[in-house]
Amino acid sequence: MRHTQRGFTLVELMVAMVIGTIIILGAGQLFLTTFQTFQQVDEVSRKQENLVFIAQRVTSEIRQNGPGRFTLECSAEDVQENQQCTCTVADTEEGNQPLVSFPKDVPGDGNQCKEEEHELGEPVPGNDALFRVSLPIENNGEPIIFHVAQRSAVLEADESTQNGEDNANDSTTPDPDNPGYYMNGDQIYNDRCYVPGNGMFNTNRNGCNAP
């Protein structure tokens with residue numbers, strides 16, 4: 001008795017190859033997407049770490065002593081023939097020692113990379129106690145901006161305002177215990193309203209402008 005041996009037909013082989021190719025391409029796409037997501041998450045995490053570190057140091061310094069200690073400078077450098085823009089925050093009290101460096105994501109040909117060295121903490125117009133800090137750490141070189149108040153300047157402004165209010169109240173508030181006089185001792189009405197010699201308030205005198 002003869003036994004017939006049968007294998008895969010050409011059609012079956014082609015179908016199997018197509019299905020296998022689809023599975024391999026799907027797995028490869030999944031791996032590539034996962035790898036890209038991991039890179040993006042890692043990049044965002046590094047940005048957050050740099051931002052938190054810089055913000056803590058700069059904020060603490062400005063609150064206590066005002067701006068001037070930390071500076072920011074951005075410049076382009078060649079890394080394996082590819083131009084890369086790097087920004088560096090330096091500590092002037094430590095001989096301009098770099099505190100932290102981070103890449104600046106600049107669009108196009110990188111003309112927006114360069115930033116001359118400048119202090120971190122620009123005064124806000126109209127407010128002597130408030131300073132603006134800008135860090136070009138976002139996508140396309142966009143800055144993250146936050147404001148910091150110097151405590152001593154805020155306290156001085158509050159004291160000045162309070163003193164001004166007190167002085168204004170003293171000069172415009174009548175003294176309930178001394179009729180005819182303000183809180184600071186000034187007369188409210190003209191001299192005809194007061195008895196000569198003892199300074200007592202008297203509304204019955206002729207020419208007195210008291211109500």
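Q: In the hairpin of β5 and β6, which residue takes a positive phi?
A: In this predicted model, strand β5 covers residues 122-124 and pairs with β6 in the antiparallel sense over three bridges. V124 has its bridge partner, N127, in β6. Two residues lie between the strands of this hairpin, and the one with a positive phi, near 85°, is G126.

Q: Over how many bridges do β6 and β7 pair?
A: Let's follow β6 to its pairing with β7. One link to look for is S134, whose bridge partner in β7 is I145. The two strands run in the antiparallel sense, and the number of bridges between β6 and β7 is six.

Q: In what order do the elements of the chain run from the N terminus on?
A: Start by taking stock: the chain has two helices and seven strands. Reading from the N terminus on, you meet the elements in the order α-β-β-β-β-β-β-β-α.

Q: How far apart are the end C-alpha atoms of α1?
A: Helix α1 runs over residues 10-65. Its 56 residues, at 1.5 Å a residue, should span 82 Å. The model agrees with that expectation, because the end C-alpha atoms of α1 are apart by 82 Å.

Q: Which residue with a positive phi follows α1?
A: Go to the end of α1, which spans 10-65. The residue that follows has a phi near 85°, and that residue is G66.

Q: Which element gives the largest share of the largest nonpolar core?
A: This core holds 18 residues, and I54, V58, L72, V89, F102, L120 and V133 touch the most other members. Elements giving two or more residues to the core are α1, β1, β2, β3, β6 and β7. Four residues make up the largest share, and they come from α1.

Q: Which residues of α1 does V133 touch, leaving aside those up to four places away in sequence?
A: V133 is one of the core residues that touch the most other members. Its contacts include L120, G121, I144, I145, F146 and V148. Since α1 is defined here as the run 10-65, two further contacts of V133 fall within that helix: V58 and I62.

Q: How many residues make up the second, separate core?
A: Apart from the core we just visited, there is another one to find. Among its members are Y181, C193, C208 and A210. The number of residues in this second core is five.

Q: Is C85 buried or exposed?
A: First find C85 in strand β2. Leaving aside residues up to four places away in sequence, C85 touches S75, A76, F102, P103, K104, V106 and C113. Its relative accessible area is 6%, and the limit for this class is under 20%, so C85 is buried.

Q: How far apart in space are C85 and Q112, C-alpha to C-alpha?
A: Along the sequence, C85 and Q112 are 27 residues apart. In space, C-alpha to C-alpha, the separation of C85 and Q112 is 9.2 Å.

Q: Which partner of the K47 and E43 salt bridge counts as buried?
A: The side chains of K47 and E43 meet at 3.8 Å, N to O. Because they are four residues apart in helix α1, about one helical turn separates them. E43 is partly exposed, with a relative accessible area of 42%. At 18% relative accessibility, the buried partner is K47.

Q: How many residues apart in sequence are the parts that E93 and R69 tie together?
A: The side chains of E93 and R69 meet in a salt bridge, at 3.6 Å, N to O. E93 lies in the loop between β2 and β3, while R69 lies in the loop between α1 and β1, so the parts tied together are apart in sequence by 24 residues.

Q: Are K114 and E116 buried or exposed?
A: K114 and E116 form a salt bridge with their closest N and O atoms 3.5 Å apart. K114 has 61% relative accessibility, and E116 has a relative accessible area of 53%. The cut-off is over 50%, so K114 and E116 are exposed.

Q: Which residues are joined into one network by salt bridges that share partners?
A: A search of the whole structure finds eight salt bridges. Some of these share partners, and the residues joined into one network are E61, R69, D91 and E93.

Note on methods. Residues numbered from 1 in each chain as written. Predicted model: local features only at pLDDT ≥ 70, side-chain atom pairs only at ≥ 80, totals over all residues. Heavy atoms only, no water. Core = buried A, V, L, I, M, F, W, Y, C linked by side-chain atoms within 4.5 Å. Buried < 20%, exposed > 50% of the residue type's maximum accessible area, 1.4 Å probe, protein only. Contact = heavy atoms within 4.5 Å. Expected span 1.5 Å × (residues − 1). Pairing = 2+ DSSP bridges. Salt bridge = Lys/Arg side-chain N within 4 Å of Asp/Glu carboxyl O.
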